[in-house]
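Reader: I have a protein model open on my screen and do not know where to begin. Could you walk me through it?

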Amino acid sequence: MSLLTVFQQLSTTQRAVVLVCAIAVAVAMAWPNDEEAVPVAATESRPSTAVHSRADAASPVVPPPTPATLSHEVVPGDTLGGLFTQHGLGLATLHHVLEADQELLALDILRPGNQLHFEWTEDRSRLDTLSLVIHPGRTIHYRRLSDDAFEAVEDNHPGHWHERVLISPIEGSFYASASQAGLNDADIVKAERIFRERVNFRRDIRVGDRFEIVLSEERVRKAEPTGQTRIEAIRLRLGKRMESAFLHDDGSYYDARGESLGRAFLRQPMQGPPRVSSHFNPRRLHPVTKRIAPHNGVDFAMPVGTPILSIADGVITRIGNHPYAGKYLEVEHPGQFKTRYLHLSRISVRQGQNVRRGQQIALSGNTGRSTGPHLHFELHVNNRPVDPLKADIPRAKRIPAREMVAFDNKVRTLLDTLEHAELRLAQRNATHGNEI
Ligand SMILES: [Zn+2]
C-alpha cells in the first residue's frame, strides 16, 4: 500500500492535518535558521502545497492542485477581520461567514487557544470552509454553499464527565481557598452565585469554615479535557451552619430537601402580552435569505425602545455589536442557564455586571439584519439553545414530587462521594501526622 493510497483513505479532517503538518515541515526546511519558528503567512503567499491529496490516474505527472489549508491558534488581540485580511480574504467573504454565524455568534468571541482552520477551494481562488475548534468536543464548520452564502454546521462530540472532589478549609477568602484547591475563576463565581440568596461570602465566612465540592469535568476521545466543567454538589460548613446545593437534571440547584436555592425565572423578558413574530425552529425558512437554517430563539415584535428585562438573576457575560445580530448581550444565570437578547437599540449594563431578575438591561431595537422592530430572545440550557416558550425554566420553589425519588438518589450518591473523600483526607492527615 503506497503512502498515497493511505492518504486517499483518510477523512477530509485527517487529510487536512497531514497537509498542515507537511506544510509546516516544508516551511521549516525552507528556513532552517528561522529563529521565530512561526511560519508567517503573508497576504499574497498562501502556503505552497507539499503533498497532493489526489492523484490523477490519467496524468500522474501533473496532478491537479489541492485545496490549500491553513491553521491558526487564536492569541489575545486576534480578530476575525484581522485574520481575514492577513490571509487575503475579502470583506464580502467575512460578511457571508458572519451571516452564517448569526444564530450561533461563535466567531464573535474568539478565545485564545481556539483553533481556526481555513480551507480554500481547489483553484484556491476563494475560501471554501472555515472551521472553528472551540474545544476537542465542539467544532463549527462554515462551508461555502454558493457565491454569496455560507452555512454553519455544528460538529459536537458529547464527552464523558469525570468527577473530582475538592475539600479545603476556607482561609482568607472563599475565592482564595477555592482557587488554591483548583477551582477555576468561572466556577468560583458560579459557586458564589448558587448561594447568592443564602450566603454573604464577604461577611459570613469565619476561621475554621470549610467547603466541599463535587466537580464534573468533561473529556472526549482519549480523555482530552474540553474545558467544560459543572459543579454537581457544594457544601459550605459555616460554623455550626451547613449550606448545601445539588444540581438537578433541570439545570437548577436545590438543597438536600429539594428546596430551590434561586428565585423563579420570568417567562418572558418584557412586560405586557407577548406578540410572537417568529417561533424557535431548528429548520426555519429564513425570511431574508430564503434558506433553511435554525432559528435558535423566539422573536417578539415590539416598538423600538421597549424596556428589556433580565429573566433571572445573573451576570452579563457578553456584549457585542454584530452586522447581523445587531447590538446584543448575553446573561449567565445560576445553574446551567444562559439568555441572549439581540437587535437591541441601547444596552444599559456593562460586561461583568451582576443583574437581578426583572432588571432593565436594554432597550429593544431593530439593529443588525432585521425585518422590523423586534427582540430575538434565546434561552440556553447546558450550552444548547432551547425553545424559551416551552422549556422547563426554573419556576418552582421546590422539585416536583414525581422527581424527588431521582433527586434523592442523586443527593445520596453525591453525599457518599463527599463522605468518602473526607474519610480519605482524614486518614491521609492521620498517616502524615504519625510520620512527623
Ligand atoms: Zn430571531
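Author: We will take the chain as a whole, then its cores, a helix, a loop residue and the empty spaces.

Author: A word on the ground rules. This is a predicted model, where local features need pLDDT of at least 70 and side-chain atom pairs count only at pLDDT 80 or more, while totals for chains, interfaces and linings use all residues. Residues are numbered from 1 along each chain as its sequence is written, and side-chain values use heavy atoms, with hydrogens and water left out.

Reader: How many helices and strands are there in the chain?

Author: Helices (H or I, at least four residues) and strands (E, at least two) are DSSP runs, numbered from the N terminus. Here the chain has seven helices and 23 strands.

Reader: What percentage of the residues is buried?

Author: Buried means under 20% relative accessible area, exposed over 50% and partly exposed in between, with a 1.4 Å probe and protein chains only. Of the 436 residues in this chain, 42% are buried.

Reader: What is a nonpolar core, and which residues touch the most other members in the largest one?

Author: A nonpolar core is a set of buried Ala, Val, Leu, Ile, Met, Phe, Trp, Tyr and Cys residues joined through side-chain atoms within 4.5 Å. The largest one here has 25 residues, and L80, F84, L107, L116, F118, L130 and Y142 touch the most other members. Two or more residues each come from α3 (80-86), α4 (91-100), β2 (115-120), β3 and β4 (138-146). The largest share, four residues, belongs to α4. Apart from this core lies another, of 24 residues, including F300, M302, A312 and L379.

Reader: Which residues does F84 touch?

Author: Contact means heavy atoms within 4.5 Å. Not counting residues up to four places away in sequence, F84 touches L89, G90, T93, L94, V97, F118, L127 and L130.

Reader: Is α4 mostly covered or mostly open?

Author: Mostly covered: seven of the 10 residues of α4 are buried. They are T93, L94, H96, V97, L98, E99 and A100. Their cover includes α3, β3, β4, β5 and β16.

Reader: Why does N296 count as buried?

Author: N296 counts as buried because its relative accessibility is 8%. This residue sits in the loop between β13 (292-295) and β14 (298-301). Leaving aside neighbours within four places in sequence, N296 is in contact with E103, L104, F280, H376, E378 and P385.

Reader: Now the empty spaces. What volume does the largest pocket have?

Author: On a 1 Å grid over the protein atoms alone, a cavity is a set of points where a 1.4 Å probe fits but cannot get out, and a pocket is an open set with protein on both sides within 12 Å along at least five of seven lines; lining residues have an atom within 4 Å of a point. The largest pocket has a volume of about 1,500 Å³. Its lining has 44 residues, and I134, H135, Q228, K338 and N383 are the closest to its centre. The largest share of that lining, five residues, comes from β8.

Reader: And how many cavities of 30 Å³ or more are there?

Author: A search of the whole structure finds three. The largest cavity holds about 200 Å³ of space. Of its 19 lining residues, L261, G262, R263, F265 and P334 are the closest to its centre.

Definitions and conventions
Grid points are joined across faces, edges and corners, and a volume is the space filled by probe spheres set on the points.
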